[in-house]
Amino acid sequence: MQPRNMSMSGVVDLAAVKAAQEAKAKAEQARAEAARQGGGGAVTPASLVIDVDEAGFEREVLQRSTEVPVVIDFWAEWCEPCKQLSPLLERLTQEYNGRFLLAKIDVDANQMLMQQFGVQGIPAVFAVVAGQALPLFQGAAPEAQIRQTLDQLVQVAEERFGLTGLTVDADASEDARPAPVPAGPHDAALAAAVQALDAGDLGGAVRAYENVLSDDPANTEAKLGLAQAQLLLRVQDMDPAAVRKDAAEKPGDARAQIAAADLDLVGGHVEDAFGRLVETVRRTAGEERDAARVRLLELFEVVGADDPRVTAARTALARVLF
């Protein structure tokens, strides 16, 4: 299988400024907590390469990606090119000395993860930065090409997301593990947000979720809840018939299509909502195009980054953007 190059040039647009700000805040929190506990959060060289399964994916990949870029190697025992690529990636991981982690995923044992990432063949290499999945390359690529891609990844992670990597202690015990950073006691605030949603107090729910995120910007539950509450607040006073009539009569009007996409999603028509906005991005330019793109990213938050429909829509968005 020939390698398929994937450019890193679209990372900033696809991840959005909000994700960058949250990642920077989370990284600063992690450093501050490590300093408070009197440690530097150093890791051992062996802990830079990890085996990940579906049960541990959120903890080992998504959460860790707010501290350091995570490169994912999709492989299988029967895959001959994987036997060439995987050792090379492991060696480069040690050489980069904490600038990224390598997560190895056996596709035979983790079919759901393979499907969610849209993996068509292996070996396939992705990265996750601040919770955003980015395709890097497919196939047993040459070492020079891999180094170039990793250099771009490290640069984007540092400059755009504030992720400077991990401190590696070569002399540390192999049993040493970095101390987990506590997320903080947000259960009461999250419960208050849910109660507000149940009571129809959408504004109160938005404020409650925002309060959680002000203390813990990477809190997955709060980000999802906030996106859902904001969506419900937007459609609360809409006249569905009027909105859909307006969208049908004005296919090139971004505002009309954005409103209709919100209704699509609330009605459970996820793919229709995504398709409508991708097409609007393709049709429009300037501020209208950017508004449609931003709303699409917001709707991704509502559905969840690990949903295969989001993965497919991200790919479609990338095609029309680049």
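Is Asn97 buried, partly exposed or exposed? With a relative accessible area of 42%, Asn97 counts as partly exposed; the legends below come back to this residue after a look at the whole chain.

**View 1. The whole chain, as predicted.**
Keep in mind that this is a predicted model. The protein chain carries 13 helices and 6 strands. Of its 322 residues, 46% are buried. About 15,800 Å² of the protein chain is exposed, with carbon and sulfur atoms supplying 50% of that area. Take the contacts between residues at least 6 apart in sequence: 73% of them join residues at least 24 apart.

**View 2. How confident the predictor is, and where to be careful.**
Mean pLDDT for the protein chain comes out at 81, and 83% of the residues reach 70 or more. Residues 1-21 are a stretch to treat with care, with pLDDT below 50. Beyond near neighbours in sequence, that stretch still has 45 contacts in the model. Residues 173-184 also have pLDDT below 50, and here the model shows 12 contacts beyond near neighbours in sequence.

**View 3. The largest nonpolar core.**
This core holds 28 residues. Which of them touch the most other members? Those are Phe57, Val61, Ile72, Phe74, Phe117, Val119 and Ile122. Two or more residues each come from helix 2 (57-63), strand 3 (70-75), strand 4 (101-106), helix 4 (111-116) and strand 5 (124-129). Strand 3 is the top contributor, giving 4 residues. There is also a second, separate core, made of 27 residues, including Leu231, Ala247, Val270 and Phe300.

**View 4. Aromatic rings around Phe74.**
The structure has 6 aromatic pairs. One of them is Phe74 with Phe126, an edge-to-face pair with 5.8 Å from centre to centre and 85 degrees between the planes. Phe74 belongs to strand 3 and Phe126 to strand 5, so their pairing ties together parts of the chain that are 52 residues apart in sequence. Both Phe74 and Phe126 are buried. Zoom out a little and the two belong to one aromatic cluster, made up of Phe57, Phe74, Phe117 and Phe126.

**View 5. A lysine over a tryptophan.**
Here the ring of Trp75 has the charged end of Lys104 sitting over it. The distance from that charged end to the ring centre is 5.2 Å.

**View 6. Cys79 and the cis peptide bond.**
Where is Cys79 found? Look in the loop between strand 3 and helix 3. Cys79 is buried, with a relative accessible area of 2%. Setting aside neighbours within four places in sequence, Cys79 makes contact with Ile122 and Pro123. Along the chain, Cys79 and Ile122 are 43 residues apart, but their C-alpha atoms are separated by 7.3 Å. The two partners of Cys79 are themselves worth a look: a cis peptide bond joins Ile122 and Pro123, with omega at about 0 degrees. Pro123 sits in the loop between helix 4 and strand 5, while Ile122 is one of the residues that touch the most other members of the largest nonpolar core.

**View 7. Two positive phi angles outside glycine.**
Back to Asn97, whose phi is near 55 degrees, a positive value in a residue other than glycine. Asn97 is placed in the loop between helix 3 (80-96) and strand 4. Ala130 is no glycine either, and its phi is also positive, at about 55 degrees. You'll find Ala130 in the loop between strand 5 and strand 6 (132-138). Their surroundings are another matter: Asn97 is partly exposed at 42% relative accessible area, whereas Ala130 is buried at 8%.

**View 8. A buried glutamine in helix 10.**
Gln257 is part of helix 10 (residues 254-266). Its relative accessible area is 6%, so Gln257 counts as buried, the cut-off being under 20%. What does Gln257 touch, not counting residues up to four places away in sequence? The list reads Ala247, Lys250, Pro251, Arg276, Leu277 and Thr280. Ala247 is a name you have met before, as it is one of the residues in the second core.

Conventions:
Residues are numbered from 1 along each chain as its sequence is written. This is a predicted model: local features need pLDDT of at least 70, side-chain atom pairs count only at pLDDT 80 or more; totals for chains, interfaces and linings use all residues. Side-chain values use heavy atoms; hydrogens and water are left out. A nonpolar core is a set of buried Ala, Val, Leu, Ile, Met, Phe, Trp, Tyr and Cys residues joined through side-chain atoms within 4.5 Å. Buried means under 20% relative accessible area, exposed over 50%, partly exposed in between (1.4 Å probe, protein chains only). Contact means heavy atoms within 4.5 Å. Accessible areas come from the Shrake-Rupley method with a 1.4 Å probe; for residues, only the protein chains shown count as cover. Rings of Phe, Tyr and Trp (its six-membered ring) pair if their centres lie within 6.5 Å; planes under 30 degrees apart count as stacked, over 60 as edge-to-face and the rest as tilted. A charge sits over a ring if NZ of Lys or CZ of Arg is within 6 Å of the ring centre and within 35 degrees of the ring normal. pLDDT is the predictor's confidence in each residue, from 0 to 100.
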